[in-house]
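The following paragraphs lead from the chain as a whole to its charged side-chain pairs and then to a single loop residue.

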Amino acid sequence: MLHIHLRRLGAATALALTATGLWAGTMTSPASAGPGDPPPAALPSKATDVAAAPICKNCAGDVVVVRTQDNRLFWNEVDVNNGNDVHASRFGWQEIPGAGRSPYAPAITTRADGGVSVAVTGTDGRVYTQYMDDDYKWQPNWLEVPGGGRLSEAPAIANGLADSVTVVGVGLDHRLYYHQYRHGWDPRGWRSMPGNFTTSKAPAVDVVGSFSPQLVVAARGDDTQIYTAKSFEMMASGTWGSTTGASASSNTQMKKLPGPSMVTFHAPALNLGVTGGAVYARDLTGDIVFQTLLPNGTWNAKWQDVPGNGKTNRAPASSLSQVYVVGASGNSLYVEQFSGGAQIPNQPNHWNLVPGSVVTPSGGTPGGGNPGGGGGGTAPPGKPDLTWIGTPTWDAEKETLTYTFKNQGTAKAGPFRVNVYVAPPNISYIAAADLPYDSVEAGGQRTVVFDVGATLQHGVNYRIAFNLDTGSTVTESNEENNEYHNYFVY
């Protein structure tokens, strides 16, 4: 039995992309399949992560990019008409040229010329990009972002003035770094954002405003809360801005969003425009929630559910007027026409299945899974499956929590990390841990005793939350049984 004191969150591990192969793809604008057309291609395996951005030759739809369970990267064009009628390309899902592989989520942005740029993190931790113009022609290969920077999670990417592109990512020291393309990549390379903010999850980035645009970054802090920062200088000069002296601005450093506590284990998504927008997140119960950025530049200080009762076990994605998620069953993609609380005419506020996304369950709501569930089923051969056993035990006299997890799969799991949080009502946390494990053999289990190491009050209903394989570095036969949350009274 292992006995560990809770501590602040630690590092994540940099993983994978290889960029090889030559092929330049071309397609025409999506249309319904005709009598002579072959059936649209479906995704070859489950989608694990999703990103989306409009393509604006005619602004008829979104380019949707997904990472599949085998770490391949596919794209499709999806059009949602009046919130009800979802169309996809008659060619279906196609792999992005260059044979890239990545175990992290992709990022995508619309360029000023109407095309899109996609960014991913590589096997060596470096960032690679691909570009598709507004005639649906991809470049033949993925290209590395220069500067030698290495990330520990997925990047974020946003288009700015004069077709500049800004990439933001989490360094190996867990700080946020940025790099900008403006008639060529900035010779200053990767630079750190000001302040002491750290995170183990991917950031989100977008631009708000038109006359005096600002770059906005959002990220999940080590306390499980969402933080944001803004920069005018980034759009004008490619420098984040000063945080000392007369030019200092409190907005240039990451600040927690106002309002009640909202715990998330996942990266946020941003959807901003001329007058505001929204940040999206997946809360502890699997609901997709949002907070609105108002026209006056302030956040509205309340988290609300995206309509439709959808649930997911992954981070959400957002486009100009759509929200995308991987369904809680992990089998399909869903989209809802929604824009941060703004009323969209004729919007029915429900989730639609994205065509060709592997499995078509009955109904029109992302679901079919229990985000807090554990165990169950027989694992296919050759893959691990980390899950919780029983209920964590609280020892009031020793102020310790004891929990057990096992690898019920048929292959060794590791290395991976486990996040633990203890929090009273309306406070993000009073104790947290990010614990590394080298491996757990198939059929093996671990029992751990955690010393909360914080002053608890009698009669208070404390929330506990555990997350196995934080960052999803282990490819499991079942990715939906890694979270556990419950309450105990001291």
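Accessible areas are obtained here by the Shrake-Rupley method with a 1.4 Å probe. On that basis, the protein chain of this predicted model has an accessible surface of about 19000 Å², and carbon and sulfur atoms contribute 51% of that surface. Of its 490 residues, 55% count as buried. The secondary structure consists of one helix and 33 strands. Among contacts with a separation of 6 or more, 61% join residues that stand 24 or more positions apart in the sequence.

The charged side chains come next. The chain contains 10 salt bridges. One of them pairs R67 with D49, at 2.7 Å from N to O. R67 belongs to strand 3 (residues 61–68) and D49 to strand 2 (residues 47–55), so this pair ties together parts that are 18 residues apart in sequence. Both R67 and D49 are buried. A further salt bridge, between D186 and R191, has an N to O distance of 3.2 Å, and D186 and R191 are likewise buried.

E95 and R101 form a salt bridge at 2.8 Å, N to O. E95 is partly exposed, with a relative accessible area of 22%, and R101 is partly exposed as well, at 29%. These two residues also take part in a network of salt bridges that links them with D70 and R72.

Finally, S477 is located in the loop between strand 32 (461–468) and strand 33 (483–489). Its relative accessible area is 21%, so S477 ranks as partly exposed, given that buried means under 20%. Although S477 and P384 are 93 residues apart in sequence, their C-alpha atoms are 6.3 Å apart in space.

Note on methods. Residues numbered from 1 in each chain as written. Predicted model: local features only at pLDDT ≥ 70, side-chain atom pairs only at ≥ 80, totals over all residues. Heavy atoms only, no water. Helix = DSSP H or I, 4+ residues; strand = E, 2+ residues; numbered from the N terminus. Buried < 20%, exposed > 50% of the residue type's maximum accessible area, 1.4 Å probe, protein only. Contact = heavy atoms within 4.5 Å. Salt bridge = Lys/Arg side-chain N within 4 Å of Asp/Glu carboxyl O.
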